[in-house]
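Biologist: Could you take me through this structure? I should like to begin at one residue and work outward from there.

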Amino acid sequence: MKVGRGRVCLSPYNKEFYLIGYKTPFRNSPAEGIHDDIFCNGLLIEADDKKIFLVSLDFLELEDEMVAEAKSRLSKAYGIDRDLIMMSATHNHSSIMSYHKHWHSGIFEPDYYEFVMNQLLLVCQQCFESLQP
C-alpha cells in the first residue's frame, strides 16, 4: 500500500468575495479581507490496483452538481474510479460563497469555481507525487 498527501490554498486573493455563513446585515456586502486562509486537503491511498482519493475543502457545503463535475475531472485526469473519490466540506461558516452556483444570494463567480476545480486537480497531483509505502 502507498499513501500520498496534498494541500492547496483556496483563498480568493486579488478579487472581491462574499462570506457564506453569517446571518447579519453585512452578509450581502463584500468581505473586508482574509483573516485565515482556506484550504483543500487531499489523501490518496493506493492499494493493489485501486486508488482511493479523499479530499476535504474548507467550504460550508458542496453541491451535488459540483461534486459530480469534480469527480468526472479527477477520474479523467488521474484514472481514479469515481466511486472511490470521496469529497467533504469542513462546514466552515467563515468561508466564501463564490463557488456556490445555487446559493440564494445569486452570487456566483465562474472564474473562482474554475479555480477551485483546478486546485482539486492540483491537490490530487500532489498526492500522486508524494506517494510513499
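Modeller: Certainly. Glutamate 129 is found in helix 2, and please bear in mind that this is a predicted model.

Biologist: Is glutamate 129 buried or exposed?

Modeller: Glutamate 129 counts as exposed, because its relative accessibility is 58% and the cut-off for exposed is over 50%.

Biologist: How far is glutamate 129 from isoleucine 80 in space?

Modeller: The C-alpha atoms of glutamate 129 and isoleucine 80 are 15 Å apart, with their positions 49 residues apart in sequence.

Biologist: What does helix 2 look like as a whole, and how many residues does it have?

Modeller: Helix 2 runs over residues 110-129 and has 20 residues. From its first C-alpha to its last it reaches 29 Å, close to the expected 28 Å.

Biologist: Which residues of helix 2 are buried?

Modeller: They are Tyr112, Tyr113, Val116, Met117, Gln119, Leu120, Val123, Cys124 and Cys127. These residues cover an arc of only 155 degrees around the axis, so they lie on the same side of helix 2.

Biologist: Why would residues spaced like that point the same way?

Modeller: An α-helix has 3.6 residues a turn, so residues three or four places apart point the same way.

Biologist: And which exposed residues does the face turned away from the buried side carry?

Modeller: That face of helix 2 carries Asp111 and Glu129, the latter being the residue with which we began.

Biologist: What covers the buried residues of helix 2?

Modeller: The cover includes helix 1 (64-78) and four strands: strand 1 (2-9), strand 2 (39-47), strand 3 (50-57) and strand 4 (85-89).

Biologist: Let us pick one of the buried residues, valine 116. What does valine 116 touch?

Modeller: Leaving aside residues up to four places away in sequence, valine 116 touches Leu57, Phe59 and Met66. Valine 116 has its place in helix 2 and counts as buried, because its relative accessibility is 0%.

Biologist: How far is valine 116 from serine 11?

Modeller: Valine 116 and serine 11 are 105 residues apart in sequence, while their C-alpha atoms are 9.6 Å apart in space.

Biologist: Changing topic to charges: how many salt bridges are there?

Modeller: The count comes to 3 salt bridges. One of them joins the side chains of glutamate 65 and lysine 101, at 3.0 Å from N to O. Glutamate 65 lies in helix 1 and lysine 101 in the loop between strand 4 and helix 2, so this pair ties together parts that are 36 residues apart in sequence.

Biologist: How accessible are those two partners, glutamate 65 and lysine 101?

Modeller: Glutamate 65 counts as partly exposed at 41% relative accessibility. Lysine 101 is also partly exposed, with a relative accessible area of 28%.

Biologist: Which side chain does glutamate 69 meet in a salt bridge?

Modeller: Glutamate 69 meets arginine 73, at 2.6 Å from N to O. Both residues lie in helix 1, 4 residues apart, which is about one turn of the helix.

Biologist: Which glutamate does arginine 73 meet in helix 2?

Modeller: Arginine 73 forms a salt bridge with glutamate 114, at 2.7 Å from N to O. This pair links distant parts of the chain, with arginine 73 in helix 1 and glutamate 114 in helix 2, 41 residues apart. Through shared partners, salt bridges join Glu69, Arg73 and Glu114 into one network.

Biologist: What is the accessibility of the network members glutamate 69, arginine 73 and glutamate 114?

Modeller: Glutamate 69 is partly exposed at 25%, arginine 73 is partly exposed at 23%, and glutamate 114 is partly exposed at 32%.

Biologist: Turning to the surface, which residues make the nonpolar patch?

Modeller: Met1, Val3 and Leu43 make a nonpolar surface patch of about 280 Å². Methionine 1 sits in the segment before strand 1 and counts as exposed, with a relative accessibility of 70%.

Biologist: One last topic, the backbone. What is the phi of aspartate 48?

Modeller: Phi of aspartate 48 is near 55 degrees, a positive value in a residue other than glycine. Most residues other than glycine have a negative phi.

Biologist: Where is aspartate 48?

Modeller: Aspartate 48 is in the loop between strand 2 and strand 3, and at 82% relative accessibility this residue counts as exposed.

Note on methods:
Residues are numbered from 1 along each chain as its sequence is written. This is a predicted model: local features need pLDDT of at least 70, side-chain atom pairs count only at pLDDT 80 or more; totals for chains, interfaces and linings use all residues. Side-chain values use heavy atoms; hydrogens and water are left out. Helices (H or I, at least four residues) and strands (E, at least two) are DSSP runs, numbered from the N terminus. The expected span of a helix is 1.5 Å times one less than its number of residues. Buried means under 20% relative accessible area, exposed over 50%, partly exposed in between (1.4 Å probe, protein chains only). The arc is that of the directions from the helix axis to the C-beta atoms. Contact means heavy atoms within 4.5 Å. Patches are made of residues with over 30% relative accessible area and no salt bridge: like charges are joined within 9 Å, nonpolar side chains (Val, Leu, Ile, Met, Phe, Trp, Tyr) within 5 Å. Accessible areas come from the Shrake-Rupley method with a 1.4 Å probe; for residues, only the protein chains shown count as cover. A salt bridge is a side-chain nitrogen of Lys or Arg within 4 Å of a carboxyl oxygen of Asp or Glu.
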